Amino acid sequence: MDNRLSRSALPLLFVCFLAACATGQGSTQAAAEATAPAQSRDKFGDPAQYEVRDLPVTIQDLQTLERAAALLGSESAWNRNDDRQCADDEAMEKRSLFCALQRASADVYGSHDPYKIADHRRVALQEVRFAVEEATRGRDLNHRLMDFNNLPDTTLADIKHVLAQATTRVRARLSAN
């Protein structure tokens, strides 16, 4: 019976496919999917610039780091099991390093719309990534913020240390301007 159902469904699927192609929906959808990755990359800037360590800083970078540190003020506020999905962190008011930085960015830039604040390559966040690299020399971390947060030997003091290091660097660069 399963074979007859499958065979009878094939002509219907083929007709639907032809109809979609005739109306342009198939090609429009394919074109949208093909351009979507480029649009998201454009949103976050040139990937070659991600690891540049002397990009211009703003007061908002400093405020983002200070806010993230405040959000992670105690053990009870820290989620040491990051999955880079921040809705549950927000609901529990217990944030990972990544989610604290995301929330801090939203607070500083005045929007909680993820499409407006989701630029996770802002200088403030990159400075934290660079501090994480220094703290974890020799370790291979695929997602620096999440993986560092989740290491069994990472403590809240370590999290605060990388935030403080990034804050010091941003503050020094702001003073130099």
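The exercises below work through the helices and the nonpolar core of one predicted model.

In this model, local features need pLDDT of at least 70 and side-chain atom pairs count only at pLDDT 80 or more, while totals for chains, interfaces and linings use all residues. Residues are numbered from 1 along each chain as its sequence is written, and side-chain values use heavy atoms, with hydrogens and water left out.

**Exercise 1.** Determine how many helices and strands the chain has.

*Solution.* Helices are DSSP runs of H or I with at least four residues, and strands are runs of E with at least two, numbered from the N terminus. By this rule the chain has 9 helices and 0 strands.

**Exercise 2.** Compare the end-to-end distance of helix 7 with its expected span.

*Solution.* The expected span is 1.5 Å times one less than the number of residues. For the 13 residues of helix 7 this gives 18 Å, and the end C-alpha atoms are 18 Å apart, so the two agree.

**Exercise 3.** Decide whether helix 7 is largely enclosed, and by what.

*Solution.* Buried means under 20% relative accessible area, exposed over 50%, and partly exposed in between (1.4 Å probe, protein chains only). Because 10 of its 13 residues are buried, helix 7 is largely enclosed by the rest of the structure. Among these buried residues are Gln126, Glu127 and Arg129. The buried residues pack against helix 3, helix 5, helix 8 and helix 9, where contact means heavy atoms within 4.5 Å.

**Exercise 4.** Identify which residues touch Leu97, not counting residues up to four places away in sequence.

*Solution.* With that exclusion, the residues are Leu72, Val128, Val132, Leu145, Phe148, Asn149, Ile159, Val162 and Leu163.
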